[in-house]
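Biologist: Could you take a close look at one helix, with its charged side-chain contacts and whatever space it borders, and describe how these fit together?

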Amino acid sequence: MSDCLPTAQEGTFLKPEHTKVPVLPPYAHLDSSCRGVASVLARVGDKWSVFVIMLLGDGPRRFNEIKRMVGGISQRMLTLTLRGLERDGLVTRTVFPTIPPRVDYELTELGRGLWQPVEALGKWATDHLTEIEDARARFDRRNDAADLPADQVTG
């Protein structure tokens, strides 16, 4: 390790050829469409939005129906997610004048266009879940072993 330079991280060494990385000029993206695209991707890439979009692909649903089907989401988080999707033009909210009021959420035309790639992403995740879990287990075993003192590592 004599050709390596110590870094601020405990015991981590960098070889000199790994120290040069391309650097963008500060704030190079501010005058481009990057910021707009990033905000759209932040909305549609958030896990709750993905679940909601996938569910609404089958047609309109009521708030509590969505909440039941998306396990683990709080009422507040679902409200914020639906508002964000509505603000971005992906979901419509329709209030029916009944007692109690009935509120349905449905994908807009724009939202239906997004549903296809989101559905494909969900299918890919389902199809590859076992492979991903196996890779995580291998990674965790490697890193757990790397954290042990040398005299405790077996195999």
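**Helix α5 and its surroundings**

Modeller: R112 is partly exposed, with a relative accessible area of 40%, and in this predicted model its side chain meets that of E109 in a salt bridge, at 2.9 Å from N to O. The two residues stand three apart in helix α5, so about one helical turn separates E109 from R112. E109 itself counts as exposed, because its relative accessibility of 60% is over the 50% cut-off.

Further along α5, K123 and D127 form another salt bridge, with 2.7 Å between N and O; these residues are four apart in the helix, about one turn. K123 is exposed at a relative accessible area of 53%, whereas D127, at 44%, counts as partly exposed. Elsewhere, salt bridges with shared partners link D58, R61 and E65 into one network, and the search of the whole structure finds six salt bridges. Among them is the pair R102 and D104, whose closest N and O atoms are 2.8 Å apart; here R102 is partly exposed at 30% relative accessible area, while D104 is buried at 11%.

Helix α5, which spans 109-127, also supplies at least two residues to the lining of the largest pocket, as does α2 (47-56). That pocket has a volume of about 160 Å³, and its lining consists of G45, K47, V50, F51, M54, L121, G122 and A125. The largest share, four residues, comes from α2, and by character the lining divides into five nonpolar residues, two polar and one charged.

Definitions and conventions: Residues are numbered from 1 along each chain as its sequence is written. This is a predicted model: local features need pLDDT of at least 70, side-chain atom pairs count only at pLDDT 80 or more; totals for chains, interfaces and linings use all residues. Side-chain values use heavy atoms; hydrogens and water are left out. On a 1 Å grid over the protein atoms alone, a cavity is a set of points where a 1.4 Å probe fits but cannot get out, and a pocket is an open set with protein on both sides within 12 Å along at least five of seven lines; lining residues have an atom within 4 Å of a point. Grid points are joined across faces, edges and corners, and a volume is the space filled by probe spheres set on the points. Ala, Val, Leu, Ile, Met, Phe, Trp, Tyr, Cys and Pro count as nonpolar, Asp, Glu, Lys and Arg as charged, and the others, Gly among them, as polar. A salt bridge is a side-chain nitrogen of Lys or Arg within 4 Å of a carboxyl oxygen of Asp or Glu. Buried means under 20% relative accessible area, exposed over 50%, partly exposed in between (1.4 Å probe, protein chains only).
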